[in-house]
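Biologist: I would like a close look at one part of this protein, namely the packing inside it. Please start from a single helix and work outwards to whatever it touches.

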Amino acid sequence: MPTIFSHPAPVLAAVLVVGVRKFPFPLIMFGTICSMLPDIDVLGFRMGISYGDVLGHRGFFHSLAFAVIMGIVGVLSAPLLHAGRVAAFCVGIFAVAGHIFLDAMTNGGLGVAVFWPFDEGRHFFDWRPIEVSPLDLHVFFTWRGVQVMLSELHWVWLPCLVTGGGAFIARHVFRRRGKHA
C-alpha cells in the first residue's frame, strides 16, 4: 500500500481541480479521512484476521462496495459537512476509490478486493510502479521507508501536484483574463 501520508493526495488534487471555494473544510476533512480509512483493516492483524480474509488487509475495506458505503455516510452527514448530498456522496466514493486505485498500483501484497462481494479475487493493475509500504513501523523507519516515500513523491504526489496545481493556476489565469477583457 502507499503510506497513509499519500492516500489523501488525489482528494487534495481534486479540490484544486474543482475549486477550493466549492469544498467546505469539513468536506475536505471527510474526503481525507475516507481516503485513509480503508487501511483500518490492518488492525485485523492484531485480532488474528489473516491478510487474505475478506476482512483482512485490502479486503472488504478496499472494495467499491465500501466506497459506496462511505458515499452513503457522506449523504447522511452532508449537513455536518456543509455540503450538498450529491457532493458528499461523490467525495466519499472518490476518496475510497482513489485509495483502491493507488493500492492496485503497488508492487507488493496480495492485490485489492475491488469487486467484492461479486468477485472475491484480489487484483492489481498491470502497471505497478509504486513501492509497497512495509506494514511494520520498524521497517518503515529504515532505508526501505525512504525508498517508499521517494516512490510516492514520484508516482503520487508529483502527478497530483501537477494536475491540481495546473488546474488551480489555469483557473486563476482565465479568471483574471476574463476580468480584464
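Modeller: What follows starts at helix α2, goes through the cores and a pocket, and ends with some backbone details in the loops. The model is predicted, and local features were taken up where pLDDT is at least 70.

Helix α2 covers residues 25–36. Its 12 residues should span 16 Å at 1.5 Å a residue, and the C-alpha atoms at its ends are 17 Å apart, which agrees. Seven names make up the buried set of α2, which is L27, I28, F30, G31, T32, C34 and S35. An α-helix has 3.6 residues a turn, so residues three or four places apart point the same way. The buried residues of α2 pack against three helices: α1 (9–18), α4 (64–81) and α5 (85–103).

Several of these names return in the largest nonpolar core, which has 22 residues. The residues with the most contacts inside this core are F23, L27, F30, C34, M70, L81 and V96. Two or more residues of the core come from each of α1, α2, α4 and α5. In soluble globular proteins, nonpolar side chains tend to be buried together.

V96 is a useful place to look at the core from the other side. V96 is one of the buried residues of α5. With neighbours within four places in sequence set aside, V96 is in contact with C34, P38, F61, S63, F66, A67 and M70. Apart from the largest core there is a second, separate core of seven residues, among them A9, A13, L102 and M105.

Helix α5 has 19 residues, which should span 27 Å at 1.5 Å a residue; its end C-alpha atoms are 27 Å apart, which agrees. Its buried residues are A88, V91, G92, A95, V96, G98, H99, I100, L102 and D103. In α1, the buried residues are A9, P10, V11, A13, A14 and V15. Just after α1, G19 takes a positive phi of about 125°.

Helices α1 and α5 also meet a pocket. Rolling a probe the size of a water molecule over the atoms shows where empty space is left. The second largest pocket holds about 230 Å³ of space. It is lined by 15 residues, and those closest to its centre are P10, F101, L102, V156 and C160. The elements that give two or more residues to this lining are α1, α5 and α7 (143–180). By type, the lining of the second largest pocket divides into 13 nonpolar residues, two polar and no charged. L102 is thus named twice: it is in the second core, and it is among the residues closest to the centre of this pocket.

Two further residues of α7 can be placed. Q147 is in helix α7 and counts as partly exposed because its relative accessibility is 34%. From Q147 to V132 is 15 residues in sequence and 9.6 Å in space, C-alpha to C-alpha. L158 also lies in helix α7, and at 45% relative accessibility L158 counts as partly exposed. L158 and I72 are 86 residues apart along the chain, and their C-alpha atoms are separated by 31 Å.

The loops hold the remaining details. Most residues other than glycine have a negative phi, and most peptide bonds are trans. R58, which is not a glycine, has a positive phi of about 70°. R58 is in the loop between α3 (43–46) and α4. The relative accessibility of R58 is 0%, so R58 counts as buried, the limit being under 20%. H82 is another residue other than glycine with a positive phi, near 55°. H82 is in the loop between α4 and α5, and at 57% relative accessibility H82 counts as exposed.

V54 is found in the loop between α3 and α4. V54 is partly exposed, with a relative accessible area of 34%. The C-alpha atoms of V54 and D41 are separated by 9.9 Å, with their positions 13 residues apart along the chain as the sequence distance. Not counting residues up to four places away in sequence, V54 touches G59, F60 and W116. W116 is joined to P117 by a cis peptide bond, with omega about 10°. P117 is placed in the loop between α5 and α6 (137–140).

Conventions. Residues numbered from 1 in each chain as written. Predicted model: local features only at pLDDT ≥ 70, side-chain atom pairs only at ≥ 80, totals over all residues. Heavy atoms only, no water. Helix = DSSP H or I, 4+ residues; strand = E, 2+ residues; numbered from the N terminus. Expected span 1.5 Å × (residues − 1). Buried < 20%, exposed > 50% of the residue type's maximum accessible area, 1.4 Å probe, protein only. Contact = heavy atoms within 4.5 Å. Core = buried A, V, L, I, M, F, W, Y, C linked by side-chain atoms within 4.5 Å. 1 Å grid on protein atoms, 1.4 Å probe; cavity = no way out; pocket = protein on both sides within 12 Å on 5 of 7 lines; lining within 4 Å. Points joined across faces, edges and corners; volume = space filled by probe spheres on them. Nonpolar A, V, L, I, M, F, W, Y, C, P; charged D, E, K, R; others polar.
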